[in-house]
Amino acid sequence: MIPEKQNKALDAWQISARYWDKYRVLIAQMFAPLTSGLVEEARIGTGQEVLDIGGGSGEPSLTISSIVGPTGSVMYTDPVAGMAETARAEAGRRGLTNIYFRQCSADDLPFADGTFDVAVSRLSAMFFVDPVTAVREALRVLREDGYVSFVVWGPKEANPFFSTVTDVIDRCVEFPPQDPDAPDAFRFAVPGKLAGILENADAKNVIERQLNFQIKAAISFEQFWQLRTEMSETLRQKMAGLAPAQLPTIEQAVANAARRYFEREQ
Ligand SMILES: C[S@@+](CC[C@H](N)C(=O)[O-])C[C@H]1O[C@@H](n2cnc3c(N)ncnc32)[C@H](O)[C@@H]1O
């Protein structure tokens, strides 16, 4: 039986699914450097069989599908039906025939030992219910000498995509302190935390790499505000705790904090 807390989290992702689909083009553009870093670290190439864990609206599965080509394959997984549906629909629109879809959680992968050459996960490991079991599962389903590559967010302070919004909201409303091990975007921001889990699970040659990149998209502040407040369950929850009269002031304060990121490049 799935614990209630976990069910609630998956329900929240089910609501998020429509927004991740709505903003799929922008997301693909903004997070493309993460996919490239992940593909590079996992040494993904033609003909490989790749597992994507927590594939959301379809990345990195969709990108990897063309890298591995017709002689390779991608197994997309995510526990949330809405996410899997939108990813499958997009693969259909693109006519991709080497992606397969399974709705499942990272801590209970329905695959035999040694099935894949590579396992990847972009921005999902922070939300796994049980990351220790999930890492063991990822290693179990890999062939000997396979690669696993997880992309997670580093410190929030280095991430204005998040902090320009949350810093303002957190100053306006008090929230109970959070358990640092609870599922959250910055759960693995502390250097060595995720690498430690991999090492404890007996992964060999564990490397932690800091990937510095800029999130770029040709959008206005208003579009950014809408995208951020719709896509994130944490923000949706925090905003729900605000009085409607506070919203314009908060949006203005975020606009001021974010102004320099929206100045046109000459
Ligand atoms: C931030 S999204 C990232 C999605 C996608 N990989 C991307 O980069 O666009 C996090 C994803 O983790 C998934 N997720 C949540 N709990 C999970 C679990 N226990 N196992 C696997 N994936 C999970 C969510 O459904 C969601 O699709």
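**Notes on the aromatic pairs, the ligand shell and a few backbone oddities**

1. The count here comes to 14 aromatic pairs. Bear in mind while reading that this is a predicted model. One of the pairs is F31 with F161, an edge-to-face arrangement with 5.9 Å from centre to centre and 80° between the planes. F31 sits in the loop between α2 (24-30) and α3 (32-41), while F161 belongs to helix α7 (residues 160-172), so this pair ties together parts that are 130 residues apart in sequence.

2. Are the two partners buried or exposed? F31 is buried, at a relative accessible area of 2%. F161 has 9% relative accessibility, and because the cut-off for buried is under 20%, F161 counts as buried too. Another pair to look at is F111 with F116: the ring centres are 5.2 Å apart and the planes stand at 90°, so this one is edge-to-face. Both F111 and F116 are buried.

3. F31 and F161 also belong to a wider group. One aromatic cluster is formed by F31, W153, F161, F162, F186, F221, F224, W225 and F262. If you colour these residues in the viewer, add R228 to the selection. The charged end of R228 sits over the ring of F161, 5.0 Å from the centre of that ring. R228 also lies over the face of F162, where the distance to the ring centre is 4.5 Å. So both rings that R228 covers, F161 and F162, are members of the cluster, and the cut-off behind these two calls is CZ of Arg within 6 Å of the ring centre and within 35 degrees of the ring normal.

4. Now the ligand. It is surrounded by 20 residues, and the closest are G54, E59, D78, A106 and R122. Three of those five make polar contacts worth a look. The side chain of D78 has an N or O atom 2.7 Å from an oxygen atom of the ligand. At A106 the backbone does the job: a polar backbone atom there is 2.9 Å from a nitrogen atom of the ligand. For R122, a polar side-chain atom lies 2.6 Å from a ligand oxygen atom. Taken alone the ligand would expose 590 Å², and the protein buries 98% of that.

5. What is the shell around the ligand made of, by residue class? It divides into 11 nonpolar, five polar and four charged residues. Which element gives the most to this shell? That is helix α1 (residues 4-22), with three residues.

6. On to the backbone. E59, listed among the closest residues to the ligand, is joined to P60 by a cis peptide bond, with omega at about 10°. P60 lies in the loop between β1 (49-53) and α4 (61-68). P60 is also 9.1 Å from L34, C-alpha to C-alpha, with their positions 26 residues apart in sequence. L34 is part of helix α3 and is buried, at 4% relative accessibility.

7. Two residues that are not glycines have a positive phi, and I would check both by eye. R43 has phi at about 55°; R43 is in the loop between α3 and β1 and is partly exposed, with a relative accessible area of 46%. N205 has phi at about 50°. Where is N205 found? In the loop between α8 (193-200) and α9 (221-231). At 73% relative accessibility, N205 counts as exposed.

8. Last, two C-alpha separations for getting your bearings. V141, in the loop between α6 (131-140) and β5 (142-151), counts as buried at 0% relative accessibility. The C-alpha atoms of V141 and D167 are separated by 40 Å, with the two residues 26 apart along the chain. A28 lies in helix α2 and is partly exposed, with a relative accessible area of 30%. From A28 to N98, 70 residues apart along the chain, the C-alpha separation is 20 Å.

How values were computed: Residues numbered from 1 in each chain as written. Heavy atoms only, no water. Phe/Tyr/Trp six-rings, centres within 6.5 Å; stacked < 30°, edge-to-face > 60°. Helix = DSSP H or I, 4+ residues; strand = E, 2+ residues; numbered from the N terminus. Buried < 20%, exposed > 50% of the residue type's maximum accessible area, 1.4 Å probe, protein only. Near = heavy atom within 4 Å. Polar contact = N/O pair within 3.5 Å; in protein donor to acceptor, adjacent residues only side chain to side chain. Areas by Shrake-Rupley, 256 points an atom, 1.4 Å probe, with all protein chains shown as cover. Nonpolar A, V, L, I, M, F, W, Y, C, P; charged D, E, K, R; others polar.
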